[in-house]
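The following exercises invite the reader to work through the structure shown below. Each task is followed by a solution in steps.

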Amino acid sequence: MFCMSAVDGGPLKTSKRLILFHLTDVQNSEIKFLDPNHTILGSWGHGPVLVRRGRIEVTLHGAPSGAYRLRAIHLDGSPGPEQPISWRADEARFSLSTVGPVGNFMVYEMVRP
């Protein structure tokens, strides 16, 4: 699932702060289900949380060149590394990955400097 939302309550196109969610299958370690369809939970399991690898390519149309900076957010909510954005005309392009060399990320923040 991919979701983008304006944190400041404005429209996406003019918002100064956006939050992005890239969510795959996330479950506790050793979670147990009582049926093959995984609809009846037998045990919640425990941490650490397991995250299915996922990568998406995002293109935002109508974004003024250089308007935003993109940063990953660690699972504990602390700021993560800045992510590259490529700009072409009025398009912003970037990749999001749940598993990477510097951590596991499912939440990102886009901010206008």
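**Exercise 1.** Identify the bridge partner of arginine 17 in strand 14, and place the pair in its sheet.

*Solution.* This is a predicted model.
Step 1. Arginine 17 has valine 111 as its bridge partner in strand 14.
Step 2. Strand 14 covers residues 107-111, and five bridges pair it with strand 2 in the antiparallel sense.
Step 3. Both strands appear in an open sheet of five strands, whose order is 1-2-14-8-9 and whose pairing is antiparallel.
Step 4. At the edges of this sheet stand strand 1 (2-6) and strand 9; each has a single partner strand, so one side of each is left without a neighbour in the sheet.
Step 5. From one strand to the next, the twist averages 25°.

**Exercise 2.** Describe how strand 8 and strand 9 are connected and paired.

*Solution.*
Step 1. Strand 8 spans residues 69-73 and strand 9 spans residues 79-83; they run antiparallel and are joined by three bridges.
Step 2. One position in this pairing is leucine 70, whose bridge partner in strand 9 is glutamine 83.
Step 3. The two strands form a hairpin with five residues between them.
Step 4. Glycine 77, in the turn, has a positive phi of about 95°.

**Exercise 3.** Determine which strands stand at the edges of the sheet with the order 7-11-10.

*Solution.*
Step 1. This open sheet is formed by three strands with antiparallel pairing.
Step 2. Strand 7 (55-61) and strand 10 (86-88) are at its edges; each has a single partner strand, so one side of each is left without a neighbour in the sheet.
Step 3. The twist from one strand to the next averages 20°.
Step 4. Strand 10 and strand 11 (residues 91-97) run antiparallel and are joined by three bridges.
Step 5. Within strand 11, arginine 93 stands opposite serine 86.

**Exercise 4.** Is threonine 98 buried or exposed, and what does its side chain reach?

*Solution.*
Step 1. Threonine 98 is located in the loop between strand 11 and strand 12 (99-100).
Step 2. The relative accessible area of threonine 98 is 0%, and buried means under 20%, so this residue is buried.
Step 3. Its side chain reaches the backbone oxygen of arginine 52 at 3.0 Å.
Step 4. Leaving aside neighbours within four places in sequence, the residues in contact with threonine 98 include His22, Val51, Arg53, Asn104 and Phe105.

**Exercise 5.** Is histidine 22 buried or exposed, and which residues is it in contact with?

*Solution.*
Step 1. Histidine 22 belongs to strand 2, which covers residues 17-22.
Step 2. With a relative accessible area of 3%, histidine 22 is buried.
Step 3. Leaving aside neighbours within four places in sequence, histidine 22 is in contact with Met1, Gly54, Arg55, Ile56, Leu96, Ser97, Thr98 and Met106.

**Exercise 6.** Find the elements that give two or more residues to the lining of the largest pocket.

*Solution.*
Step 1. The volume of the largest pocket is about 220 Å³.
Step 2. Its lining consists of 15 residues, and those nearest its centre are Arg55, Gln83, Ser95, Leu96 and Ser97.
Step 3. Strand 11 and strand 12 are the elements that give two or more residues to this lining.
Step 4. The largest share, five residues, comes from strand 11.

**Exercise 7.** Locate the cis peptide bond from glycine 47 to proline 48, and examine the positive phi values of glutamate 30 and alanine 89.

*Solution.*
Step 1. Most residues other than glycine have a negative phi, and most peptide bonds are trans.
Step 2. The bond from glycine 47 to proline 48 is cis, with omega near 5°, and proline 48 lies in strand 6 (residues 46-51).
Step 3. Glutamate 30, although not a glycine, has a positive phi of about 55°. Glutamate 30 lies in the loop between strand 3 (26-29) and strand 4 (32-33), and counts as exposed at 54% relative accessibility.
Step 4. Alanine 89 has a positive phi near 50°. Alanine 89 lies in the loop between strand 10 and strand 11, and counts as exposed at 68% relative accessibility.

Key. Residues are numbered from 1 along each chain as its sequence is written. This is a predicted model: local features need pLDDT of at least 70, side-chain atom pairs count only at pLDDT 80 or more; totals for chains, interfaces and linings use all residues. Side-chain values use heavy atoms; hydrogens and water are left out. Two strands pair if DSSP finds at least two bridges between them. Helices (H or I, at least four residues) and strands (E, at least two) are DSSP runs, numbered from the N terminus. Axes are lines fitted to C-alpha atoms, for helices over the stretch in contact, and angles run from 0 to 180 degrees between N-to-C directions. Buried means under 20% relative accessible area, exposed over 50%, partly exposed in between (1.4 Å probe, protein chains only). A polar contact is a pair of N or O atoms within 3.5 Å; within protein, one must be able to donate a hydrogen and the other to accept it, and residues adjacent in sequence count only if both atoms are side-chain atoms. Contact means heavy atoms within 4.5 Å. On a 1 Å grid over the protein atoms alone, a cavity is a set of points where a 1.4 Å probe fits but cannot get out, and a pocket is an open set with protein on both sides within 12 Å along at least five of seven lines; lining residues have an atom within 4 Å of a point. Grid points are joined across faces, edges and corners, and a volume is the space filled by probe spheres set on the points.
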